[in-house]
Amino acid sequence: MTNILIFLGPPGSGKGTQAEKISEKFEIAHISTGVMLREHVDRKTDLGIKAKGILDEGSLVPDNLVIEMLKDRLDSEDCQNGAILDGFPRTLPQALSLENDEKFSIKSVIFFDVNQEELVKRMLERGRSDDTEESIKVRLKVYSNETEPLVDFYSKKNLLTEINALGSIDEISSTISELINL
Ligand code: ADP
């Protein structure tokens, strides 16, 4: 059974930064589906070739492809101590795919709360190739349509803790550390 910690929140809310710190501190794997997908694009794998246009426009890669990629990754040796999922699940079918697999036990879901103005500012500053104004608009919309409903989904299961993600990196990381018991 693999213990799972989910970092849920809008694009630009700092999930990746915090996941990196927390994974080091607790010696658990950090899995970012966004990073994995961008690696596939760079390596021009079959998945990467399918995903490239989708990433650039800010839409979501189809559930079946992302679910398969993630589950493969969770099978690796370095996930035995547990894993932080950063950017997954992003849709209800993705959430159900974890739910319905008894290999996984979701310990907690941390929801990163940040206002939209701050998100846009952060993403434009970060300047990744998919951080154009047009794609940011699409990503925020996709987030509110597809991903935000998961806040309710996990909250009803009593798994959700909301944190204010507007403080300093260290402040937020100590808040999260206190919440974790894997
Ligand atoms: P951000 O921090 O801006 O949300 P990510 O690095 O998490 O960026 O993701 C970048 C892109 O990768 C997304 O816009 C989407 O196209 C794709 N992606 C990442 N995770 C998923 C997922 N779970 N399901 C579908 N697409 C995904």
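**The ligand and its pocket**

Let me begin with one contact, in which a nitrogen atom of the ligand is 2.9 Å from a polar backbone atom of Gly 87. I should say at once that what we are looking at is a predicted model, and that the values I quote are computed from it.

Staying with the ligand, a second nitrogen contact that I would like to point out involves Gln 94, where a polar side-chain atom lies 2.9 Å from a nitrogen atom of the ligand. On the oxygen side, an N or O atom in the side chain of Arg 126 is 3.0 Å from an oxygen atom of the ligand. How much of the ligand's accessible area does the protein cover? Taken on its own, the ligand has 550 Å² of accessible area, and the protein covers 96% of that.

Turning to the residues around the ligand, there are 18 of them, and those that come nearest are Thr 33, Ser 59, Arg 90, Gln 94 and Arg 139. Sorted by class, this shell holds 7 nonpolar, 5 polar and 6 charged residues. Which helix gives the most to the shell? That is helix H2, covering residues 33-43, which contributes 4 residues.

Now, where does the ligand sit? The ligand is found in the largest pocket, and this pocket has a volume of about 900 Å³. The lining of the largest pocket is made of 47 residues, of which Pro 11, Lys 15, Arg 90, Arg 126 and Arg 128 are the closest to its centre. Arg 90, then, is on this list and also among the residues that come nearest to the ligand, while Arg 126, also close to the centre, is the residue of the oxygen contact I described earlier.

Several elements each supply at least two residues of that lining, including strand S1 (2-8), helix H1 (15-26), strand S2 (29-32) and H2, and the helices H6 (116-126), H7 (133-147) and H9 (169-179) do so as well. By class, the lining divides into 18 nonpolar, 18 polar and 11 charged residues.

Finally, I would like to mention two details of the backbone. The peptide bond that runs from Phe 88 to Pro 89 is cis, with omega near -5°, and Pro 89 itself lies in the loop between strand S3 (83-86) and helix H5 (92-99). The other detail concerns Lys 44, a residue other than glycine whose phi is nevertheless positive, near 55°, and which is placed in the loop between H2 and helix H3 (46-57).

Methods:
Residues are numbered from 1 along each chain as its sequence is written. This is a predicted model: local features need pLDDT of at least 70, side-chain atom pairs count only at pLDDT 80 or more; totals for chains, interfaces and linings use all residues. Side-chain values use heavy atoms; hydrogens and water are left out. A residue is near a molecule or strand if one of its heavy atoms lies within 4 Å of it. A polar contact is a pair of N or O atoms within 3.5 Å; within protein, one must be able to donate a hydrogen and the other to accept it, and residues adjacent in sequence count only if both atoms are side-chain atoms. Accessible areas come from the Shrake-Rupley method with a 1.4 Å probe; for residues, only the protein chains shown count as cover. On a 1 Å grid over the protein atoms alone, a cavity is a set of points where a 1.4 Å probe fits but cannot get out, and a pocket is an open set with protein on both sides within 12 Å along at least five of seven lines; lining residues have an atom within 4 Å of a point. A molecule sits in a cavity or pocket if more than half of its atoms lie within 2 Å of its grid points. Ala, Val, Leu, Ile, Met, Phe, Trp, Tyr, Cys and Pro count as nonpolar, Asp, Glu, Lys and Arg as charged, and the others, Gly among them, as polar. Grid points are joined across faces, edges and corners, and a volume is the space filled by probe spheres set on the points.
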